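This report describes the structure shown below. Secondary structure comes before burial and confidence.

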Amino acid sequence: MIDQNIFKINLALTQQYCEQQLIQTGKHFADILRSINPTCRLGDGDAPLFTYSYWSCPTDPAYNAYITQWGKDPIDNLNLIE
């Protein structure tokens, strides 16, 4: 069971961290916020929850994006879900 008091404290710390990081307006928000990437232990060592990749549209070089994928999909790992 998740301790709600610890969860609220950690959530507040994460929100403060994000607000401080977003002040760096010279960077794309994805560059800033992707530094927040917790790890989880699933029997095969610690693994990042998310993976990131940069994507550029081949027909429009002005359009690009950061693609975020689950490193370990919680649907496939029931021990991540309460």
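What span should the 18 residues of helix α1 have at 1.5 Å a residue, and how far apart are its end C-alpha atoms? The expected span of α1 (residues 4-21) is 26 Å and its end C-alpha atoms lie 25 Å apart, which agrees; the expected span is 1.5 Å times one less than the number of residues.

This is a predicted model, in which local features need pLDDT of at least 70 and side-chain atom pairs count only at pLDDT 80 or more, while totals for chains, interfaces and linings use all residues. Residues are numbered from 1 along each chain as its sequence is written, and side-chain values use heavy atoms, without hydrogens and water.

The protein chain has two helices and four strands, in the order α-α-β-β-β-β from the N terminus. Helices (H or I, at least four residues) and strands (E, at least two) are DSSP runs, numbered from the N terminus. At the start of α1, a side-chain oxygen of Asp 3 comes within 2.9 Å of the backbone nitrogen of Asn 5.

Of the 82 residues of the protein chain, 12% are buried (under 20% relative accessible area, 1.4 Å probe, protein chains only). Two cysteines count as buried because of these values:

| Residue | Relative accessibility |
|---|---|
| Cys 18 | 18% |
| Cys 57 | 15% |

A search of the whole structure gives zero disulfides (cysteine sulfur pairs within 2.5 Å).

The mean pLDDT (the predictor's confidence in each residue, from 0 to 100) of the protein chain is 75, and 71% of the residues score at least 70. Among the elements, α1 has the highest mean, 88, and strand β1 (residues 39-41) the lowest, 69. Where pLDDT is low, the predicted coordinates should not be read in detail.

Conventions. Polar contact = N/O pair within 3.5 Å; in protein donor to acceptor, adjacent residues only side chain to side chain. Buried < 20%, exposed > 50% of the residue type's maximum accessible area, 1.4 Å probe, protein only.
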